[in-house]
Amino acid sequence: MALLFPGVLVEGSSYECGRSLGEQCRDRVHLSYEIYLRLLRGTGGPSPARTPLAAACLGFLDRVRREDPALLKEMQGIADGARLALHQVALINVRSELMSLSCCGARRSVSAGAGCTSFGVSGEASSTGGALMAQTWDWMLACRQTLILQEVRKAGARPFLMLTEAGLIGKLGINADGIGLCVNFLHPRQASLEGTASHVYLRRILESPTIALARAAVMRTRASAGINVMLADAAGHLLDLEISPCGVGVLLPCRGVLKHANHYVSAGMNGASSATRQIPGSGERARRAGQILSQSPRPVGIENLKKALGDHQCQRGPICAHAGCGPWQGWGTVCGVVVDPRGRSLHVAPGFPCETPFSQVTLRP
Ligand SMILES: [Zn+2]
């Protein structure tokens with residue numbers, strides 16, 4: 001049986017939370033940094049000659065300092081605890097934007113093997129009465145060595161639980177108010193370093209007390225790059241926000257079912273995907289996820305979602321993507337997660353969801 005990703009509890013001020021994380025996960029934070037530094041240097045994307053990585057990281061830090069100084073303190077804590085420089089922690093947190101710049105500027109997408117499929121049911125269709133959702137995390141399989149289950153109990157803030165890479169300040173998770181978050185990669189036509197980095201507003205979502213405030217936090221943010229977020233709550237609400245530097249598209253469930261892969265589909269956002277960068281099979285994969293949930297007996301429960309995460313039926317790229325599927329060796333489904341807002345729980349399979357047992361992790365009151 002695969003071991004679950006390590007659980008890490010951090011408490012106290014922003015700086016103390018960061019420092020504790022850095023100290024407890026020093027090796028994993030270092031590995032996160034090394035993975036992305038190697039990847040970004042080897043892609044033909046931002047290079048020392050065109051977009052110096054250090055300058056990009058410093059620009060990112062300047063924006064965080066202006067927009068969310070508490071997060072900057074937390075990142076300084078991570079750096080101190082892990083014995084890295086602040087700009088090295090910044091690189092981990094701005095890697096999505098740097099990789100998107102690579103996609104827009106290079107013939108070959110650095111992250112063409114990345115994806116993630118998210119899907120869920122609203123309260124009317126779920127067995128819990130709250131919304132339920134799930135996602136595969138498709139990424140470099142090497143990141144199984146950097147993932148952690150981080151419980152954040154920051155002074156003066158509501159606690160939350162997130163499944164993240166060590167050193168990343170925001171990712172998928174669930175908070176104490178029952179707001180759940182899933183995340184998919186999107187390739188917009190354009191990307192820049194001028195807006196807010198995606199992991200910053202993922203963190204804002206996790207710190208939101210209601211789904212309406214989480215949505216508002218996204219809507220008022222000017223994004224640097226593309227990302228898709230699916231939000232669910234304990235009251236049964238479910239919605240999807242397609243984010244790009246040009247704006248945000250909103251998708252709502254159809255007959256209680258919502259699904260998303262790695263291309264823009266909402267009205268007004270259809271042209272936001274870069275056709276040449278679109279991940280092959282994204283449309284087929286999203287349709288398959290919706291088909292599974294629509295055909296599942298009602299009410300749809302957590303076990304139905306776990307089973308759907310292990311589906312292999314799509315020809316051009318299944319929901320559960322094993323290494324060697326397609327041309328992207330070393331990329332695939334890192335893990336599968338079911339988010340249960342009413343239970344304040346994540347059900348995590350720390351490997352391919354078709355063959356890896358799920359473990360339930362619940363946020364303490
Ligand atoms: Zn599989």
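Two helix axes count as roughly parallel when the angle between them is under 35 degrees. Keep that cut-off in mind for the first stop, and remember throughout that you're looking at a predicted model.

**Stop one: a pair of helices.** Select residues 14-24, which is helix α1, and then residues 69-82, helix α4. Their axes lie 6 Å apart and meet at an angle of about 30°. That angle is under 35 degrees, so α1 and α4 are roughly parallel to each other. Look at how they cross: the crossing is right-handed.

Now show the side chains where the two helices touch. On α1, the contact includes Tyr15, Cys17, Arg19 and Leu21. From α4, Lys73, Met75, Ile78 and Asp80 are among the residues taking part. What mix of residues makes up this contact of α1 with α4? It's eight nonpolar, seven polar and six charged.

**Stop two: the sheet.** Next, colour the strands. Eight of them form an open sheet with mixed pairing, and you can walk across it in the order β1-β4-β5-β6-β7-β8-β9-β10. Why do β1 (7-12) and β10 (247-251) each have one side without a neighbour in the sheet? They stand at the edges, so each has a single partner strand. Rotate the view a little: neighbouring strands are turned by 25° against each other on average, ignoring direction.

**Stop three: inside the sheet.** Zoom in on residues 173-175 (β6) and 180-185 (β7), which pair in the antiparallel sense over two bridges. Pick Ile174, and you'll find its bridge partner in β7 is Gly180.

Finally, select residues 198-206. This is helix α7, which packs on the sheet and touches β5, β6, β7 and β8. Its direction makes about 160° with that of β7.

Methods. Residues numbered from 1 in each chain as written. Predicted model: local features only at pLDDT ≥ 70, side-chain atom pairs only at ≥ 80, totals over all residues. Pairing = 2+ DSSP bridges. Helix = DSSP H or I, 4+ residues; strand = E, 2+ residues; numbered from the N terminus. Axes fitted to C-alpha atoms, helices over the stretch in contact; angles between N-to-C directions. Contact = placed C-beta atoms within 7 Å. Parallel < 35°, antiparallel > 145°, perpendicular 65-115°, else oblique. Left-handed = near helix turned anticlockwise from the far one by under 90°. Nonpolar A, V, L, I, M, F, W, Y, C, P; charged D, E, K, R; others polar.
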